[in-house]
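Please read these comments alongside the coordinates. They concern the packing of the interior.

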Amino acid sequence: MPKRELLLGDEALALGALHAGLSGVFAYPGTPSTEITEYIQGHPLAAERNVHRTWSTNEKTAMEEALGMSFVGKRAMVCMKHVGLNVAADAFVNSAMTGAHGGVVVVVADDPSMHSSQNEQDSRFYGQFALIPTFEPATQQEAYDMVRKAFDLSEHYQIPVLMRLTTRMAHSRAVVEVGEPQEVNPLSYPKQPRQWVLMPGNSRLRYKALIDDYARLENEAAQSPFNRYSEGTDRRLGIITCGIAHNYLMENYPEGCPYPVLKIAQYPLPKESVRRLAAECQELLIIEEGQPLVEQAVRGVLPAPLKIRGRLTGELPRTGELTPDSVRAALGLAPHRAHAASEIVVPRPPALCQGCGHRDMYTALTEVVREFPDGKVFSDIGCYTLGWLAPFHAIDTCVDMGASITMAIGAAHAGQHPAVAVIGDSTFTHSGMTGLLDAVNEGANITVVISDNLTTGMTGGQDSAGTGRLEQICTGIGVDPAHIRVVVPLPKNREEMKRILREEIAYKGVSVIIPRRECIQTAKRHAAAKNK
């Protein structure tokens, strides 16, 4: 009897990778992708095989480390959330040119509806842009099965493969049938090593091969068991579904969909299957989570005019996650009884934890900044971003990881004073260090607050790359040690914090203040572990 396990989508994919002979996972924590790496970190097979499973400093370093493992023949996986792919984009796009030796699977978890993100970008565009094949599982079982197929495809075509999850897929559970693990690859080296050196002469040859292979990859998608064409009796409408959106369609037709359905879970787009569906039906409905990538592509594939409905035409919402109900409306079915939000869940706005060191830091900072008529605070991505909310209203900007320091530099050069940057310890090592180097080189008149809670707090308490070394890092970058100040953010130290803030704001140059106190959540876990 097959072994069954109840798994999150993230966990199913992680277990599938381990069973596919994974030698290393490289990742930076980011919701909704974090549980993939955490599952591998806690799995006995990973420990038995000494699978690499420590966190990387950021997504770019993770991608490059995975390519290094691939170069020597081992299977590697990279995990990140969708905006993390922006950070890794340089290495990711170029990896199509270098290719892969050992299989490389890049897992990106998109976050439609922005549950914990600053945008809704759709990572499938990156796969299309880089000419990299893409998988999009519809179920936890497919997540488990697909990752092995993805590694095999990566090694067969010598190219990395992108796997795209979305929040509901990543964080919902289902029973998964699992198989036996295969052995890891032995150490080996590329047969075509020149393509790993992206000099123009090498790259021109490689790009032609990549274009030729992309046509073959389209044929692979057309033959894929994950892409299915289902006949229907009512051909007035043909439906194309992508990934988890297929589930939303089938929830509305528990006895079977009456219309022909093309389910897409492997890209490039299987054009001939699309043309077949269009030839058999009077109009098409495209149901896809995220942006209308397939809907736009279909309009360029079909040889004759055909009515195509979807996100672009308004039948499905242009923003946010799809739901069975939004799909139901697009199908023209009568709506289910609607529930008021108050009947489902009581709204609970996010807030900094009681006892959090960020609270004490912001309390002192806001009191000092308000002493200036035009003081501005540039913040960053982390749980401390909640300082924008009541009761603090402490920050003025938050754009992307690392932007606090660089935006403060730009504002200071324009004459802004004070220009204060607030950044967390993990975000600082992720993408703030280069900004601090710019500040030092340019002699920018800014005050940088590195709010150090000794962990990656926003994603659940993972290790932070700079723990215990922030002062040395800042000194090495070139900040004057006399203007690197450390304080414990507690109510009893508030006056000391305010004094230090005033002194460093008055200093004409780059200063760094490090309020350091362990995250209240990790402190509780550490205390509980000691008492066991």
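The points below take up the cores, one helix, one buried serine and the cavities of this predicted model.

1. Main core. The largest nonpolar core contains 88 residues, and within it M77 and I239 have the most contacts. Helix 7 contributes the most to this core, with eight residues.

2. Surroundings of I239. Setting aside residues up to four places away in sequence, I239 touches L249, C257, Y259, P260, V261 and L262. The same list of contacts also includes L277, L285, I287 and L331.

3. Second core. Another core, of 47 residues, lies apart from the one that holds I239. Among its members are A364, V377, F428 and V487.

4. Length of helix 9. Helix 9 covers residues 200–223, which is 24 residues. At 1.5 Å a residue it should span 34 Å, and its end C-alpha atoms are 34 Å apart, so the expected span and the model agree.

5. Buried side of helix 9. Which residues of helix 9 are buried? They are N202, S203, R206, L210, D213, Y214, L217 and A221. For reading such a list, note that an α-helix has 3.6 residues a turn, so residues three or four places apart point the same way. The cover over the buried residues of helix 9 includes helix 5 (82–98), helix 6 (124–130), helix 7 (140–157) and strand 11 (266–267). Helix 7 is also the element that gives the most to the largest core.

6. S326. This residue belongs to helix 13, residues 324–330. Is S326 buried or exposed? Its relative accessibility is 15%, and because buried means under 20%, S326 counts as buried. Apart from neighbours within four places in sequence, S326 is in contact with E315, L316 and P317.

7. Cavities. There are three cavities of 30 Å³ or more, and the largest has a volume of about 50 Å³. Its lining consists of M361, L365, V449, V487, M497, I500, L501, I513 and P515. By class, that lining has nine nonpolar residues, with no polar and no charged ones.

8. Elements around the largest cavity. Helix 15 (357–369), helix 19 (494–506) and strand 18 (511–515) each supply at least two lining residues. Helix 19 has the largest share, three residues. V487 is one of the residues lining this cavity, and V487 is also among the members of the 47-residue core.

Key
Residues are numbered from 1 along each chain as its sequence is written. This is a predicted model: local features need pLDDT of at least 70, side-chain atom pairs count only at pLDDT 80 or more; totals for chains, interfaces and linings use all residues. Side-chain values use heavy atoms; hydrogens and water are left out. On a 1 Å grid over the protein atoms alone, a cavity is a set of points where a 1.4 Å probe fits but cannot get out, and a pocket is an open set with protein on both sides within 12 Å along at least five of seven lines; lining residues have an atom within 4 Å of a point. Grid points are joined across faces, edges and corners, and a volume is the space filled by probe spheres set on the points. Helices (H or I, at least four residues) and strands (E, at least two) are DSSP runs, numbered from the N terminus. Ala, Val, Leu, Ile, Met, Phe, Trp, Tyr, Cys and Pro count as nonpolar, Asp, Glu, Lys and Arg as charged, and the others, Gly among them, as polar. The expected span of a helix is 1.5 Å times one less than its number of residues. Buried means under 20% relative accessible area, exposed over 50%, partly exposed in between (1.4 Å probe, protein chains only). Contact means heavy atoms within 4.5 Å. A nonpolar core is a set of buried Ala, Val, Leu, Ile, Met, Phe, Trp, Tyr and Cys residues joined through side-chain atoms within 4.5 Å.
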